[in-house]
Amino acid sequence: MNQNSDSGSTSGSPSNTFSLNRRSFIGGVTSAAVGLTIVPAHVLGGSKYVAPSDKVNVAYIGTGTQGLRELPALLQIPEAQVVAVCDPQKEAIGYYDWSPNGLLNELRKTIDNPNWKPGGDNKIPGGLDNGKQIVDAFYAKSSALGSSKGCAAYADFREMLEKVKGIDAVKVMATDHLHGVMAAAAIKRGIHITMHKPIANRLQEGFEVIEMAKKSDVITHFIPWESNGPMKQILTWINGGVIGTLREVHNWSNRPVWPQYAEIPADKPPLPKGFDWDLWLGPEAARPYHPHYTNMVFRGWYDFGGGAMADMGHYSLWTVFKALELENPTAVEPNLSHVCGLRENATAYRLHNDYAFPFASKVRFKYPAKGARPAVDLICYDGGMRPPVPAEFYEQNKELPIEGMMFTGDKGIIMSSSFNVREPYVLSGDLKLAEDLKIDDPYIQVSGIKRFIDAVKSDEQLPGSFREAWPITEAVNLYAAALRSGKTLKYNAQKKEITNASDANFYLTREYRKGWSFEEI
């Protein structure tokens, strides 16, 4: 059942039309029924051996630095088999990372080869070749025979999904602007999917993906859910009246921690060897290649990324959205930095920028009352911006942290000891009541990819399903639209429409290049 295909394979029907349904097959069909020969487990690799027929076949889309960083955790799951990798960039050229050797050393450890080099410019690992090398080397060292027939490798995910037979699931680690079309392609084919944030970097596209997931029985898993802290204690304090009536939620991040550019690149450097630029652009409009668009720095562009909130807000705010039932904002108010330049005639001017996120911003969302919860404002900060320092910090001679979360009521404040609501404490309010309402609500880190593989095998949806992600998806895309327009936007959630600045509705949709619409992929 663990069938690999190379790029020379003939095109076939999508995996959900497989003649034998893998959901019933994985762990559910006897070997006698399909004529398999029983081989003792110890002969094939010991107690952790999992028969090929019991494995979840995974295609891995996106082998940049973050993709390679998360690959080892998947490879180490006995019940999973990476059968294909995909990336439009072939060689390890022009990648950036947070440390010069951290990823390299991690990959060397994964394949037990301290001398492995990524090739390319031999700086930072990344690209299709590296992805295939790591998968093949890992399975070769894990095989009782010391060899592996190799996983398939494709530049185009559409071709991969058509040609590689028996794909049960995909993991998507591509750039933000490709998430929506990749998710849609998988769901259309009945392929389970786990994906990094965001669902999409356009509001309408994100909505369509989530609606597709709701109408499908595929298992969907949105990776940032596993990093969200618990909200039970904070909700107990809020509902118990410890800080009075909740008025505001403040969340601030140290992002961006990547370069952002105030102007569109004017020079035209050569395209790296083996880089399919047209595939990397995907649904977005054609333009000349430039390294300032790719790899780590794609996040700073409206076309390709989602900005600081999409990058980090999913980790911190998704659990807050669910606990407080924040949905359908009525207004989004942006405050943002700007950049000025000098003309040749010695006059200054302000750059008009609707192509790149600002260096720093503060965005306020106004959420209406729902049930017993009153209206609440959510304020997100990035680029070093933070909320006003509470008086209690002055009194206690404390500095407001670089990243954090704060729940402000009319009678007190709840703080989080971290960016994503872990280790909360009551800064001010009814401290005696807070102590009485204290509960045991520890943060427990789980392996998201292991949980996803288990869910595919058991055919059970997860709490971090795409189906639960609309409120946070709506927010991060309205955040981008408000910053891009520079205006306070009034929003009709039922129509998914901006009502006071009709031109800003353009930022909520995507104009697809030929071959990239949801109907075509």
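The following paragraphs describe the two sheets of a predicted model, together with the helices that pack on them and two loop residues.

In this predicted model, the secondary structure of the chain amounts to 15 helices and 17 strands. Of its 521 residues, 54% count as buried, and among the contacts with a separation of 6 or more, 74% are made by residues 24 or more positions apart.

One open sheet consists of six strands in the order S3-S2-S1-S4-S5-S6, and its pairing is parallel. The edges are taken by strand S3 (152-154) and S6, each of which has a single partner strand, so that one side of each is left without a neighbour in the sheet. On average, and with direction ignored, neighbouring strands of this sheet are turned by 20° against each other.

Within this sheet, strand S1 (residues 56-61) is mostly covered, six of its six residues being buried. The cover extends to both faces of the strand, since Val56, Val58 and Tyr60 on one side and Asn57, Ala59 and Ile61 on the other are all buried. S1 pairs in the parallel sense with strand S2 (residues 80-86) over six bridges, and the bridge partner of asparagine 57 in S2 is glutamine 81. Between these two strands the chain passes through helix H3 (residues 65-75), and the resulting β-α-β crossover is right-handed. S1 also runs parallel to strand S4 (residues 169-172), to which it is joined by four bridges; in S4, alanine 169 is the bridge partner of valine 58, and valine 172 is that of isoleucine 61.

Several helices are associated with the strands of this sheet. H3 packs on the sheet and touches S1, S2 and S4, its direction making about 175° with that of S1. Helix H5 (residues 128-142) lies across S2 and S3 and runs at about 160° to S2. In helix H14 (residues 448-458), the buried residues are Gly448, Ile449, Phe452, Ile453, Ala455 and Val456. Viewed down the axis of H14, these buried residues fall within an arc of 160°, and they therefore line one face of the helix. The buried residues of H14 pack against the strands S1, S2 and S4, against strand S5 (192-195) and strand S6 (220-222), and also against the helix H3. H14 is followed by aspartate 459, which has a positive phi near 60°.

A further open sheet is formed by nine strands in the order S15-S14-S13-S7-S12-S11-S8-S16-S17, with mixed pairing. Its edge strands are strand S15 (424-428) and strand S17 (497-498), each of which pairs on one side only. Strand S16 (residues 489-492) pairs with S17 in the antiparallel sense over two bridges, and in S17 the bridge partner of asparagine 492 is glutamate 497. Helix H9 (residues 232-239) packs on this sheet, where it touches strand S7 (246-252), strand S13 (404-409), strand S14 (413-416) and S15, and its direction makes about 30° with that of S15.

Serine 417 belongs to the loop between S14 and S15. With a relative accessibility of 43%, serine 417 counts as partly exposed, because this value falls between the limits of 20% for buried and 50% for exposed residues. Residues up to four places away in sequence not being counted, serine 417 touches Arg422, Glu423 and Tyr425. A polar atom of the serine 417 side chain lies 2.7 Å from the backbone oxygen of glutamate 423. Serine 417 and glutamate 403, which are 14 residues apart in sequence, are 9.2 Å apart in space from C-alpha to C-alpha.

Glutamate 284 is likewise a loop residue, found between helix H10 (277-281) and helix H11 (307-324). Its relative accessible area is 7%, and glutamate 284 is therefore buried, the cut-off being under 20%. When neighbours within four places in sequence are left aside, glutamate 284 is in contact with His177, Arg202, Asp303, Phe304, Arg510 and Arg513. With one of these residues, arginine 510, the side chain of glutamate 284 makes a polar contact, side chain to side chain, at 3.1 Å. The C-alpha atoms of glutamate 284 and tyrosine 512 are separated by 6.4 Å, although the two residues are 228 residues apart along the chain.

Note on methods:
Residues numbered from 1 in each chain as written. Predicted model: local features only at pLDDT ≥ 70, side-chain atom pairs only at ≥ 80, totals over all residues. Heavy atoms only, no water. Buried < 20%, exposed > 50% of the residue type's maximum accessible area, 1.4 Å probe, protein only. Pairing = 2+ DSSP bridges. Right-handed = clockwise from strand over helix to strand, strands pointing away. Contact = heavy atoms within 4.5 Å. Polar contact = N/O pair within 3.5 Å; in protein donor to acceptor, adjacent residues only side chain to side chain. Axes fitted to C-alpha atoms, helices over the stretch in contact; angles between N-to-C directions. Arc of directions from axis to C-beta.
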